[in-house]
Amino acid sequence: MEENNKRIFKNTAYLYVRQLVIMGLSFFTTRIVLEKLGADDFGVNNVVAGFVSMFTLVNSILQASTSRFLSLNLGKKDDVLIKRTFSTAFYMHLMIAVAVVVLLESFGIWFLNTKLNIPTDRMFAANVVFQLSVFSVFIGITQTPYTAILTSHEHFNMYAYMSVFDVVAKLAVLFFLIYIPFDKLIVYASLQTMVSLIVAMTYRIYCLRKFKETHLSKLFDKKLCKEMTVFSGWGVVGNLAVTLNSQGLNILINIFFTTVVNAALGLAARVNFTILTFVGGFMTAAQPQLVKYYGANDMKNFHQLIFNVSQYSLFMLAIIGVPVLMEIDYVLDLWLTEVPEYTSAFIKITIFNSIISYSNRFVDQGLVASNHMKQLNLYSSTLYLVELPLMYAALKLGASPVFVYAISCFTVLVCLFINVKMLSKFTGFPGCQYIKTVFLKTLVLILIACVPPYLICMTMPDGLLRFLIVCSVSVLSTMTVLMRFALSEEARYMVMGKIRKMLHIKKPSQREINQRHRYDYPAENNGWNKVGNKPVYGNQETESVFDPFVMKHHGKFLMIVSERKHHGLDLLESSNGTDWQNRGSIMKRVPETWECLINRASVVIVDGIWHLWYTGQSPEISRIGHAISTDGIHYQRSSRPCVEATLPQEGVSVMNPCVLWNEDRKIFQMWYAAGENYEPDALFYAESENGEHWTKHEQPVLSKDETHEWEKYKVGGCDVKRQKDGTYITYYIGYQNLDVTRICYAVSDDGVHWERPNHNICISPSQDSWDSDATYEPAVVEKDGTLYMWYNGRKGVEEYIGLATKKTERNKHSDMSNPLVKTI
């Protein structure tokens, strides 16, 4: 163990030194570039290249749309559709690139030569930089579909390889800049263009070799083009705001001041880019998963990912940002031979702005993933558009560049609150909790972490020793405070996982740890025996099927099963319980309502009327609905849910109804699960005279049992049977942990007060089988002295229906009557 700890320490030290070397190299190359170009030429390059990049606005509008449509269509696994999507996206970007070049070669040249504040003797060089920038923009716009397909396939290792090339390229540019005896500004712009071209060609060759859909064809789908354009329509406002804010200020500064101040802005941008390199890649990697969570309507993980990624990003940003804030003046003196005025102030404002911005960045992505770009751009991006006129007014009134630049912090802060509010409204996102625990708490803790290095700065003179001490104390202070008080347990796990990955230390995930307990108990218990070694219903063609409900009717078994392909309910029929015929859908989901997803049915037939209860799920919560039918196929739904979470003990959602008709009392009895939106915590009970209006028992009737290792975490969906003597038996899900479930049973005299036998497991996962990961959601029917239990089995992400049987024991809690039918 001691040797292992030494290895980890050495690897950690190596990693930290490696990151510092990369950052130091970036700063070193910028120093040489500034020294060789001079502050004026450095500013000319910054303002000209920035002006040209403004015209990529049209391309930016389609970037999010291209990435989203590629990710969604990849999920459909339709090769023709994916190829058509990529080809359509490429031709759209090619048309945009041609239009941008035409615009730049007309209006752009006029603006450059008549409006920008550039020294007369540098106009020729500025025009060369302009033309090279136009070429780079053309390459960059047509590169967008390739970058999007790379991200959609989640081949993020390519970015790591290109980061190595970036280091080599910077050194090569530096070498040629020093030794080529020609106009340094033209040389630098030419070398940068060559690097951009090499990067683009490398990405394209990689994509052509790895992804067959990138081989261009004549496929241009006008309908798809329209859909992508419509989706991007509201992106016009947002991208216009981003582009104007990023480059409009640069132009305003150039008009009111000199290119030296542009140089200061450029240096601040480079420092910020270097720092954000440690953060931005992780957000890019997480974006496809966010879209997939929303597409699967998994709002729990959708919200949690936003929390975790934001916390992680702010943590990584603070680790680098705090030392820079403390020692930026010394770093600039050490870094540059000539420090342009305002550089230090610009960098400090940029870091503070980044903290606010990265609190908002993944909230923005949540709105995009949930297809609310219209609202995002209508409100928050409109506010960004107001920023540039405010800056112009401040400059006209004589404000300093520092004050004008600080205005951006205010608009970013307001947009954070607006976006959190919108995400809360549309997806049920816990906005107040996010502001408190992610933004405000992290901001306060960063300020606290600044205290120790600040005290050192106040007591020690400038110099290398103070710089090293302050940086070390800053990193340790920030890591200690944020790891201990700012990050959630999951975010801490993400941070440590990232570190372990970089250090090549393999540690199992929490899911892998949980799943080690799948086979703690036999697969078959208490007389239950699984039938065969494969599902009785479900395969790759049907995709995942789950939550079976089974009843006897006219000598046959009827099963209502939930299916993920269309998120509705299908009716099946069988004569023996093992061979099933699908009779078609009996209930479909209703998008963008409380019935966005439909699953887990329970049916009772009373006086010839089929009563069906089911779970309706929206992105926010789950509810229970009621429908009736005269034939068991065509159902008429009630307009509103019949059961909703109204008790504090129920949490936010109710789901998984199991309903019986009590002939003695002439009432319906319902047992249901309650808790989070997709994961129940406990079982509750309610009664009704008509199946529509229910009176609840206020406390859970069955909860986790910490004395039973196999159900110590929580319990879920049940199937309750009333026996001939009036007693009850329930088969339900017992959770050992979040990832390991088994089917258990309990008994009761009244259906409210339940007793568990000492060993109450029925079935568990089987090793090397189709149900090797989990068994859950039982449906039990008695026929001819045999109990039949249909259940969910899962291996990986695939869910199918299995069968287990047990010979009936004639005792108090096993001789079941048929509680489903009163009269037919």
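**Exercise 1.** In which sense do strand β11 and strand β12 pair, and over how many bridges?

*Solution.* The structure is a predicted model. Strand β11 covers residues 667-675 and strand β12 covers residues 680-688, and the two pair in the antiparallel sense over 8 bridges. At the level of single residues, Q669 has E687 in β12 as its bridge partner. The next step is to place this pair in its sheet, which is open, has 4 strands in the order β10-β11-β12-β13, and shows antiparallel pairing. The edges of that sheet are taken by β10 (653-662) and β13 (695-696), each of which has a single partner strand, so one side of each is left without a neighbour in the sheet.

**Exercise 2.** Describe the hairpin of β6 and β7, and determine how far strand β6 is buried.

*Solution.* Begin with the pairing: strand β6 is joined by 8 bridges to strand β7 (residues 609-617), and the two run antiparallel. Within this pairing, I598 stands opposite G616 in β7. The connection comes next, for β6 and β7 form a hairpin with 2 residues between them, and D607 in the turn has a positive phi of about 50°. Finally, 10 of the 10 residues of β6 (residues 597-606) are buried, so this strand is largely enclosed by the rest of the structure.

**Exercise 3.** Establish whether C658 takes part in a disulfide.

*Solution.* A search of the whole structure finds 0 disulfides. C658 is accordingly in no disulfide, and the nearest cysteine sulfur, that of C718, is 5.1 Å away, whereas a disulfide requires cysteine sulfur atoms within 2.5 Å. As to its surroundings, C658 is buried, with a relative accessible area of 3%. C596 is also buried, with a relative accessible area of 13%.

**Exercise 4.** Identify the residues of the nonpolar surface patch that includes I205, and the helix that gives the most to it.

*Solution.* The patch on the surface is formed by F135, L197, M201 and I205, which together have about 330 Å² of accessible area. Helix α6 (residues 184-210) gives the most to this patch, with 3 residues. I205 lies in helix α6, and I205 is partly exposed, with a relative accessible area of 42%.

**Exercise 5.** Compare the span of helix α15 with its expected value, and name some of its buried residues.

*Solution.* Helix α15 (residues 464-486) has 23 residues and reaches 31 Å from its first C-alpha to its last, which is close to the 33 Å expected at 1.5 Å a residue. Its buried residues include R466, F467, V470, C471 and S474, and, further along the helix, L482, M483 and A486.

Methods. Residues numbered from 1 in each chain as written. Predicted model: local features only at pLDDT ≥ 70, side-chain atom pairs only at ≥ 80, totals over all residues. Heavy atoms only, no water. Patch = residues over 30% accessible without salt bridge, like charges linked within 9 Å, V, L, I, M, F, W, Y side chains within 5 Å. Areas by Shrake-Rupley, 256 points an atom, 1.4 Å probe, with all protein chains shown as cover. Salt bridge = Lys/Arg side-chain N within 4 Å of Asp/Glu carboxyl O. Buried < 20%, exposed > 50% of the residue type's maximum accessible area, 1.4 Å probe, protein only. Expected span 1.5 Å × (residues − 1). Pairing = 2+ DSSP bridges.
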